[in-house]
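Biologist: Please take a close look at a single part of this model. I would like to see that part set against the chain as a whole.

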Amino acid sequence: MTARVRLLLADDHPVVRAGLRAVLETEPDFEIVADVPTAEEAVRLAARGEADVVLMDLQFGGRMLGSQATAEITARPGGPRVLILTTYDTDADILAAIEAGATGYLLKDAPPQELATAVRTAAAGRSALAPTVALRLMDRLRTPASALSRRETEVLQLVAEGLSNAAVSKRLFLSQATVKSHLVHIYAKLGVDSRTSAVAAATARGLIRR
């Protein structure tokens, strides 16, 4: 007999949660224990020990991000596995989620059967990556010298959002000198010489969000 997999769904869009519930409940070995609209609620419910896998979006309307919630959930001994299910496939998002402890990373356009397989894989403690995500990670490994680090992608994402060096340093708790150093390295890796060019190049390569 197949072991039951208890699921907690975390997404701030009611339609998405309803759709996921409808798809996943067709699987005989899946049980949806709850669906929640905020990352904070996902952390709170995951701590109860009633879920084996949390399906987590990355962006929520509240203060906590999906990657932050993932880090809190996976930090607890014996906690559930976290499977990211999102529309974002940039290096910045993927690296943040994996570093936070996510077991898998899928995109929301994944076919139902691929999603079900990923849930079972995550529940078993094995990695479940969307093909495009796996390819991006392999590309990083093939060209480590030109790949932006996690911190560099964080800095550049904030620059893309219009933050000044001073604002970036405050947000990331870094000195302005460190922020400038990161930008110098970013320019060198991307072969550019300005903030605008760096943002354009990184966006075109799928390193940061538009």
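Modeller: Helices here are DSSP runs of H or I with at least four residues, strands are runs of E with at least two, and both are numbered from the N terminus. By that count the chain has 10 helices and six strands. The model is predicted, so to speak of a local feature requires pLDDT of at least 70, side-chain atom pairs count only at pLDDT 80 or more, and totals for chains, interfaces and linings use all residues. Residues are numbered from 1 along each chain as its sequence is written, and side-chain values use heavy atoms, with hydrogens and water left out.

First, the whole chain. For 210 residues, a compact globule would have a radius of gyration near 17 Å, and the 18 Å of the chain agrees with this; the radius is taken over C-alpha atoms, and the rule is 2.2 Å times the number of residues to the power 0.38. Along the principal axes, the C-alpha atoms fill a box of roughly 60 × 30 × 30 Å. Buried residues (under 20% relative accessible area; exposed is over 50%, partly exposed in between; 1.4 Å probe, protein chains only) make up 46% of the 210 residues.

The part I would pick is helix H2, residues 39–46. Ala39, Ala42, Val43, Leu45 and Ala46 are buried in this helix. The cover over them includes strand S1 (5–10), strand S2 (30–36), strand S3 (53–56) and helix H3 (66–75), where a contact means heavy atoms within 4.5 Å.

Ala42 of H2 is also one of the residues touched by methionine 56. Leaving out residues up to four places away in sequence, the other partners of methionine 56 are Ala10, Gly66, Ala69, Thr70, Ile73, Val82, Leu83, Ile84 and Leu85. Met56 belongs to the largest nonpolar core, which has 44 residues, and is listed with Leu7, Leu24 and Leu55 as having the most contacts inside it. Such a core is a set of buried Ala, Val, Leu, Ile, Met, Phe, Trp, Tyr and Cys residues joined through side-chain atoms within 4.5 Å. A second, separate core of 21 residues includes Val159, Ile186, Leu190 and Ala201.

Leu85 leads on to leucine 107, since both appear in one contact list: besides Leu85, leucine 107 is in contact with Thr86, Thr87, Tyr88, Asp89, Ala130 and Thr132, neighbours within four places set aside. Leucine 107 sits in strand S5 (residues 104–107) and is buried, at 12% relative accessible area.
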